[in-house]
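Q: Please take a close look at one part of this model. I would like the sheet, what lies across it, and the aromatic residues described in one connected account.

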Amino acid sequence: MFNDRAMSSDDSNPAATPTPCQDIQGDGRWMCMHNRFVSDSKGKEPDVLFVGDSLVQLLHEFEVWRKLFSPLHALNFGIGGDATQHVLWRLGNGELDHISPKVVVLWVGTNNHGHHPHQICGGIMAIVNLINQKLPHAHTLVLGLLPRGKNPNLLRDRNAEVNQLVQSEVATLPHASFLNVDPGFVHSDGTIWHQDLYDYLHLTPQAYQKVCEPLHDRIKALLDQPAENQVS
């Protein structure tokens, strides 16, 4: 069982403790990307901000981004490999300080290796709370973690449990909502096809299309809400 006492302090949950990504490779790319996001944000007025890991970062490289999200005045602050603690650090260190988006799309958690579902949920909710503190008029749309691996595996089970926990937590908040963006990547035999997730983790162009069409609809609905209803 998860220790409830651990939930009372972010310091005892590594997934909810703001932590810069360790520069294991030695090229400083992660911090440079963070600094670029902070700099880029100073000259932008986005209505939508995407934040997360490689699934967010790579989205920017596909036609679906230019077709669906660029017209919504969207910014992409995704960094490959990020876990919840890394996003929490980035957002607390300047990435939200110069912008006022109406919607923040958060997609992170599948890279939290070594953390159990309650910890990952705690990390995601810490990010949601930080966004609300810094952007009180924004709505945070939390995307469900996708299944991963060609065949059934423990990480797939973990992600499914995280989704259940996060959906339950978010349901109590007026300034956030949860969206399951999995169109059914797991087939009846329990496998995932490489035509959808080419390495059984990252999305192909056709899979991004399946994910992003309902996501676009949800974002549009949030943007079209009267301002007084944005956080109500």
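**Aromatic cluster and sheet**

A: Start with the aromatics: Phe50, Trp65 and Phe69 form one aromatic cluster. The model is predicted. Across the whole structure, a search finds 6 aromatic pairs. One of them joins Trp65 and Phe69, with ring centres 5.7 Å apart and planes at 55°, which counts as tilted. Edge-to-face would need planes over 60 degrees apart. Both Trp65 and Phe69 belong to helix 4, residues 63-69. They sit 4 residues apart, about one turn of the helix. Trp65 is buried, and Phe69 is buried too.

Now the sheet. It is open and has 5 strands, in the order 2-1-3-4-5, with parallel pairing. Strand 2 (74-78) and strand 5 (176-179) are the edges. Each has a single partner strand, so one side of each lacks a neighbour in the sheet. On average, neighbouring strands are turned by 20° against each other, direction ignored.

Look closer at the strand 5 edge. Strand 4, residues 139-143, runs parallel to strand 5, and 4 bridges join the two. Here Thr140 stands opposite Ala176 of strand 5.

Then there is the helix across the sheet. Helix 8, residues 205-223, lies across strand 1 (48-52), strand 3 (103-107), strand 4 and strand 5. Its direction is at about 165° to strand 4.

To put the parts together: the aromatic cluster takes in Trp65 and Phe69 along with Phe50, the sheet has strand 2 and strand 5 at its edges, and helix 8 lies across four strands, strand 5 among them.

Definitions and conventions. Residues are numbered from 1 along each chain as its sequence is written. This is a predicted model: local features need pLDDT of at least 70, side-chain atom pairs count only at pLDDT 80 or more; totals for chains, interfaces and linings use all residues. Side-chain values use heavy atoms; hydrogens and water are left out. Rings of Phe, Tyr and Trp (its six-membered ring) pair if their centres lie within 6.5 Å; planes under 30 degrees apart count as stacked, over 60 as edge-to-face and the rest as tilted. Buried means under 20% relative accessible area, exposed over 50%, partly exposed in between (1.4 Å probe, protein chains only). Two strands pair if DSSP finds at least two bridges between them. Axes are lines fitted to C-alpha atoms, for helices over the stretch in contact, and angles run from 0 to 180 degrees between N-to-C directions. Contact means heavy atoms within 4.5 Å.
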